[in-house]
Each structure stands twice: as C-alpha cells, then as structure tokens.
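I opened this notebook to record what I looked up in one structure, entry by entry. The entries go from the whole chain to single residues.

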Amino acid sequence: MKMCRLFLQLFLGLILLPGLAKPDPDPLQDYCIADTKSPLYLNGAPCLNPTLALSSHFTTSALAKPGDTKANQFGFSVTLTTLANLPGINTMGLTMARVDIAANGLVPPHSHPRASEVTICLQGVILVGFVDTSNRLFTQKLEPGDSFVFPRGLIHFLYNMEPKKPALAISGLSSQNPGAQIASRAAFVSNPPIPEVVLEKAFQISPQDVAKIRKNLGG
C-alpha cells in the first residue's frame, strides 16, 4: 500500500511538474526596476523604490548599434538587453538580443538552458535550425520579416547564407537570464578541460584531432 502511494505521488508530480516549471518566477508587482547599486545578491536584482521610477528605466538604445563580428572566429556578435542597460526588464522574464552575422558567418550550435527563443530576420538570408532530443533536425531559410522559434534548451544555430553581405536578426528570449552554451567550446575548451580520452571516445577522434580542435577554438 505504501509503495502504491509513492508511485501515485511520483506520477502526480510528473504530471504537475511541466505546469509548475517556468523559466522565471512571476513578478509580484507592476515592475521591479533593478537597483544595480545594491550589494545584495539575489535571483535577479533588488527593486528600486517605485517612487523613483523613470521612463528611462524602461528604454534602451543598446540594440541600435551593430556588434563587432570580427571579435571571434565564427563571425557573429550578440548584443543583449541587461539590467545595466535596461533596468526595467528586471523580473519581466525576458531578454532581447541583436544578432549580427558577417558574410558567411555562423552563430555556432548552442543552447539556452533557461529560455525559449524566437528570432526574426531583419536583413540578409539566414539558415536557422535546431535538433530535438530524438536527433531530428528542423531547419528553415529566413528572409527579412521571417521568424523562427527555438525551443528551450535545444541545440540550435544561425548561418548567414550571403557570401558578401552581413545579416541581422533580433531575438526575444523567455528569461531574464537565458544563459548560452556553445556546444563545441563546452566540449573542447572547458576549464578545467574534459579529459582527452573522453573526447576521443565521444567524438571518435584521435588525440591529434583533440589537440587541433582545442587550438582552433582558442583552448
């Protein structure tokens, strides 16, 4: 009887969990402007006194300027809204991102552990895609005005198909802190490094291949 109750509790927990698991907790007030000067370290940021709220707290020009796509070997740049440049976003459960991609540049396969993402192409022709947990690839060519959704936590990429022109996209993510993990860098340039034998077996490559990939990725 006791075992049956345990199984029932587990079953009900699995049913209810998806409805309870949210990227960010819901705010308990109209807004919570981030007090970025507070010494407290919270899951988010402390709230500024509402009487001190200004329109400027809800406005940013952070996404107005192109990012430097030459800053990495892949040819992309991501500029995010943050508590520093948009304090009014605190507790709202969202982030905006400007994605600049050089000609034939790539936002390499990566994931956001805490957020789903919707991307709209504003300039250029962008090949996007994600892989689900059954290793099925969903991909689409985006032209200006087209949008695509990347489910939370799944590996996805964006590739500028234009050989001579840059591409531009804007993304919305369903978390104040979505996180980002590039798959290749996580595997080959972690700190401390993953043991070589693990990489050799996981990717079926030689020690020389591991060393070459690490060098190419800046490890």
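**Entry 1. The whole chain**

What percentage of the 219 residues of the protein chain count as buried? I noted that the model is a predicted one, and I looked up the share: 32% of the 219 residues count as buried.

I then turned to the accessible surface of the protein chain, which comes to about 13,800 Å². Carbon and sulfur atoms hold 61% of that surface.

For the secondary structure, I found four helices and ten strands. Read from the N terminus, the order is α-β-β-β-β-β-β-β-β-β-β-α-α-α.

I also checked the contacts between residues at least 6 apart in sequence. Of these, 68% join residues at least 24 apart.

**Entry 2. The nonpolar core**

Which residues have the most contacts inside the largest nonpolar core? I listed I101, V107, I126, V128, F148, F150 and L158, in a core of 22 residues. I noted which elements supply at least two residues each: β2 (95-101), β5 (126-131), β7 (147-150), β9 (167-173) and α2 (183-188). Strand β5 gives the most to this core, with three residues. Domain 1 (23-60 + 72-179) and domain 2 (180-218) each contribute at least three residues to the core. As general background, I wrote down that nonpolar side chains tend to be buried together in soluble globular proteins.

I chose I101 for a closer look. Setting aside neighbours within four places in sequence, I found I101 in contact with T69, G75, F76, L106, V107, I126, L158, N160, P166 and A167. Two of these partners, V107 and I126, also appear in the list of residues with the most contacts inside the core.

**Entry 3. The annotated binding site**

Which residues does the UniProt annotation "binding site" cover? The record, an unreviewed entry, gives H110, H112, E117 and H156. These residues span 47 residues in sequence, yet no two of their C-alpha atoms are more than 12.0 Å apart, so they gather at one spot. I also saw that UniProt places a "binding site" feature, again from an unreviewed entry, at H112 and E117.

I took E117 next. E117 is found in strand β4 (residues 117-123). With a relative accessible area of 6%, under the 20% limit, E117 is buried. Beyond four places in sequence, E117 touches H112, F148, V149, F150, H156, S171, G172 and L173. Two of these partners, H112 and H156, belong to the annotated set.

H112 lies in the loop between β3 (106-111) and β4. Is H112 buried or exposed? H112 has a relative accessible area of 10% and is buried. Apart from neighbours within four places in sequence, H112 is in contact with E117, R152, G153, H156, L173, P178, G179 and A180.

H156 has its place in strand β8 (residues 155-160). I found H156 buried as well, at 1% relative accessibility. The residues touched by H156, again beyond four places in sequence, include H110, H112 and E117. Others among them are P108, P109, G129 and F130.

Which side chains make polar contacts with the side chain of H112? I recorded that of E117, at 3.1 Å, and that of H156, at 3.5 Å.

**Entry 4. Two threonines**

Lastly, I looked up T95 and T81. T95 is found in strand β2, whereas T81 has its place in the loop between β1 (76-80) and β2. T95 counts as buried at 2% relative accessibility, and T81 counts as buried at 6%.

Which backbone atoms does the side chain of T95 reach? I noted the backbone oxygen of S175 at 2.6 Å and the backbone oxygen of Q176 at 3.1 Å from a polar atom of that side chain. The side chain of T81 reaches the backbone nitrogen of M96 at 2.9 Å.

The two threonines also touch each other: T81 appears among the contacts of T95, and T95 among those of T81. Further contacts of T95 include L80, I89, S171, N177 and P178. For T81, I added T60, L63, L86, I89 and M96.

Note on methods. Residues are numbered from 1 along each chain as its sequence is written. This is a predicted model: local features need pLDDT of at least 70, side-chain atom pairs count only at pLDDT 80 or more; totals for chains, interfaces and linings use all residues. Side-chain values use heavy atoms; hydrogens and water are left out. UniProt positions are given in the numbering used here, feature names are shortened, and annotations may be inferred rather than shown by experiment. Buried means under 20% relative accessible area, exposed over 50%, partly exposed in between (1.4 Å probe, protein chains only). Contact means heavy atoms within 4.5 Å. A polar contact is a pair of N or O atoms within 3.5 Å; within protein, one must be able to donate a hydrogen and the other to accept it, and residues adjacent in sequence count only if both atoms are side-chain atoms. A nonpolar core is a set of buried Ala, Val, Leu, Ile, Met, Phe, Trp, Tyr and Cys residues joined through side-chain atoms within 4.5 Å. Domain bounds come from an automatic or database domain assignment. Accessible areas come from the Shrake-Rupley method with a 1.4 Å probe; for residues, only the protein chains shown count as cover.
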